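Got your viewer open? Here is a walk through the model, one selection at a time.

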Amino acid sequence: MRAEPEALERRLLDDPHLLDDIAEAVGGPFHVLFPDRVAVNVNAFQEAFRAAGVDGFVYFGKKANKAACVARVCAESGAGIDVASTGELIAALSQGVRGEDVMVTGPAKSDELLWLAARHDALIAIDALDELDRLTRIGDHQGAAGRPVRVLLRVQSSGSTSRFGLDQGELAQAVRSVSPGGPVLLAGFSFHLSGYAATARSEMAAALVEHCLRARADGHPADTISIGGGFGVDYVDAQSWARFRDNLSEKWFHGTAPGDGYYPYHFPVPGAAMLTAILEHNSLAEVSRSNGIRLVVEPGRALLDRVGSSVFRVQGVKTRTAHGEPYDILTVDGTSLSLSEQWFDSEYLPDPTLWPPRPGQPTPTCVGATTCLESDLLSRRRIPLPRRARVGDLLVYPNTAGYQMDSNESPFHELPLPPKVVLRERGDRLRWTLDATAR
C-alpha cells in the first residue's frame with residue numbers, strides 16, 4: 001500500500017541528515033508540512049471552475065488541519081476558509097484571510113461566533129431557525145459598517161436522517177422570516193452530503209438552483225450555492241487497493257481486525273477532477289451560468305493532499321507469532337491520537353517509510369504506541385517493512401495532513417502534542433521552521 005510521495009517529502013527522505021536533525025531538535029514525534037502544495041491544490045479547484053466557465057469560489061474546511069501555514073497559503077492563493085468556531089475564525093483572520101472570504105458553518109453557533117462573524121462580513125450558513133432569529137437580532141445592531149449579514153440556508157436533503165440542516169417546512173419558514181432590505185441578506189443555500197458521489201452533489205445543487213429562483217421572486221439576491229466538501233483523495237494505486245479490499249484477512253492484523261468502514265484509499269476521480277465531474281453532470285455548469293449562480297465548495301482533505309507527513313521514532317521492538325507466522329511489534333514515541341483513523345475502528349492504510357534506508361529482509365510489522373492501552377496501535381496491519389526496524393529508526397507516515405495529524409490529538413499521559421514543522425525549498429536547500437501553532 002505504497003503512497004506516491006510529494007516531491008519535497010522525497011527530498012526529505014533522500015537527505016542523509018535532515019530528517020534526523022529535525023527529530024533531534026524537536027525531541028519527539030512531529031508532523032512535517034509542505035504548504036506550497038496547498039497552493040497547487042487550491043489552484044486545481046479554481047482552474048476547474050474557470051475551465052467550466054463557472055463563477056466559483058473555494059473555501060478550505062479548516063477543521064481538517066489547524067496549521068497556520070495552511071491558512072496563510074489559502075489567503076495568498078485567493079481561497080477562503082470555512083470555520084465552525086470563534087477560535088477557527090480568529091485563526092483565519094490572523095493569517096490574512098479577509099472576513100468576507102470566511103464562511104461560518106456548524107450547528108448551534110454561539111452568539112459570540114455569530115457576532116464576530118457579522119462584524120467581519122463573513123458568510124454564515126444557517127442550520128436552525130433559532131440561529132437565524134439570534135443572528136437577526138445581532139444584525140440589527142452589529143453588522144459590518146451597516147451592511148446586512150449575509151447568510152446561506154443549509155438544506156437537509158430529502159429523506160435524510162441527518163441532524164444538520166433545515167427540513168422543507170423549516171426552510172420555507174426561514175425564507176419567509178428574512179425581509180428584503182432587513183438586517184439579514186439571503187445570499188443563497190447550502191448543503192453537505194456524506195459519501196463521495198459526484199452525481200448526488202450535482203443533482204442536489206441543481207435542486208437548489210430552483211430554491212434560488214423562488215427566493216429571487218420574493219426579492220432576495222439568492223445567487224450563491226455551496227455544495228460542501230467530500231472531495232476524495234487518491235492515496236494508493238488501484239491495484240493495491242483492490243488487492244487489499246478483495247483479499248482482506250484477519251491474519252493480516254495484530255489482534256482483532258478493524259471493521260470494514262475503510263476510507264476509499266484509491267479514488268479514481270479525486271479532488272478537482274471530482275469537481276469537474278459535478279459541473280459536467282446534467283450540465284450543472286450551464287445551469288449555473290444561465291441563472292447567474294455562484295457555486296462554492298468547502299474541501300478539506302482534498303486541499304491537503306500530499307501536504308504533510310507524520311514522523312515517529314522507534315523506541316522498542318518485539319517479535320510475536322500468530323497463525324504460525326512471526327511478526328514484529330514496534331513501540332513508537334507517539335500515540336494513535338496523532339493518526340486519527342484508528343480511533344474510528346478503521347486503519348490508515350498507506351504504508352509508512354522506515355528511515356534511514358538500510359539493507360535487510362522484508363519484515364511484517366505492526367506499530368504500537370507509547371501508552372498503556374492495548375488498543376493504542378498506529379498500525380494493526382502487519383506492514384511489510386523492507387527490513388527489521390531498530391530502536392532509534394524513524395517511521396514516516398505519508399499524506400497525513402488531511403484529518404489524520406491533529407483531529408483527535410490529546411496530551412494523554414501528559415505527553416506533549418507533536419509540533420508541526422514547515423518545510424520549504426530555499427534555492428537548492430530545504431529549510432524548516434516551526435509552524436505558528438507550535439511556537
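**Stop one: a buried lysine and its partners**

Start by selecting Lys420, which is buried, with a relative accessible area of 6%. Keep in mind as you click around that this is a predicted model.

Now add Asp406. The side chains of Lys420 and Asp406 meet in a salt bridge, 2.8 Å from N to O. This pair ties together distant parts of the chain: Lys420 sits in strand E16 (residues 420–426), while Asp406 is in the loop between strand E15 (394–397) and E16, 14 residues apart. Is Asp406 buried or exposed? Asp406 counts as buried, at 3% relative accessibility. Bring in Lys66 too, since Lys66, Asp406 and Lys420 are linked in a network of salt bridges.

**Stop two: two other salt bridges**

The structure holds 21 salt bridges, so let's pick a couple more. Select helix H7 (residues 129–142), where you'll find both Arg134 and Asp130, four residues apart, or about one turn of the helix. Their salt bridge has its closest N and O atoms 3.7 Å apart. Arg134 is buried at 17% relative accessible area, whereas Asp130 counts as partly exposed at 46%.

Next, jump to Arg245 and Asp246, whose side chains meet in a salt bridge of 3.3 Å, N to O. Here Asp246 is exposed, with 54% relative accessibility, and Arg245 is partly exposed, with 45%.

**Stop three: the largest pocket**

Select Lys63, His192, Leu193, Ser194 and Tyr403: of the 47 residues lining the largest pocket, these lie nearest its centre. The pocket's volume is about 1,200 Å³. Then colour strand E3 (80–83) and helix H9 (198–217), each of which supplies at least two residues of that lining.

**Stop four: the cysteines**

How many disulfides does a search of the whole structure find? It finds zero. Try Cys366: the closest cysteine sulfur to its own is in Cys372, 19 Å away, which is too far for a bond. Cys366 is buried, with a relative accessible area of 0%. Cys212 is buried as well, with a relative accessible area of 0%.

**Last stop: a nonpolar patch**

Switch to a surface view and select Trp343, Phe344, Leu373 and Phe412, which make a nonpolar surface patch of about 390 Å². To place Leu373, look in the loop between strand E13 (363–368) and strand E14 (377–385). Leu373 is partly exposed, at 36% relative accessible area, and a residue needs over 30% to be part of a patch.

Methods
Residues are numbered from 1 along each chain as its sequence is written. This is a predicted model: local features need pLDDT of at least 70, side-chain atom pairs count only at pLDDT 80 or more; totals for chains, interfaces and linings use all residues. Side-chain values use heavy atoms; hydrogens and water are left out. Patches are made of residues with over 30% relative accessible area and no salt bridge: like charges are joined within 9 Å, nonpolar side chains (Val, Leu, Ile, Met, Phe, Trp, Tyr) within 5 Å. Accessible areas come from the Shrake-Rupley method with a 1.4 Å probe; for residues, only the protein chains shown count as cover. A salt bridge is a side-chain nitrogen of Lys or Arg within 4 Å of a carboxyl oxygen of Asp or Glu. Buried means under 20% relative accessible area, exposed over 50%, partly exposed in between (1.4 Å probe, protein chains only). A disulfide is a pair of cysteine sulfur atoms within 2.5 Å. On a 1 Å grid over the protein atoms alone, a cavity is a set of points where a 1.4 Å probe fits but cannot get out, and a pocket is an open set with protein on both sides within 12 Å along at least five of seven lines; lining residues have an atom within 4 Å of a point. Grid points are joined across faces, edges and corners, and a volume is the space filled by probe spheres set on the points.
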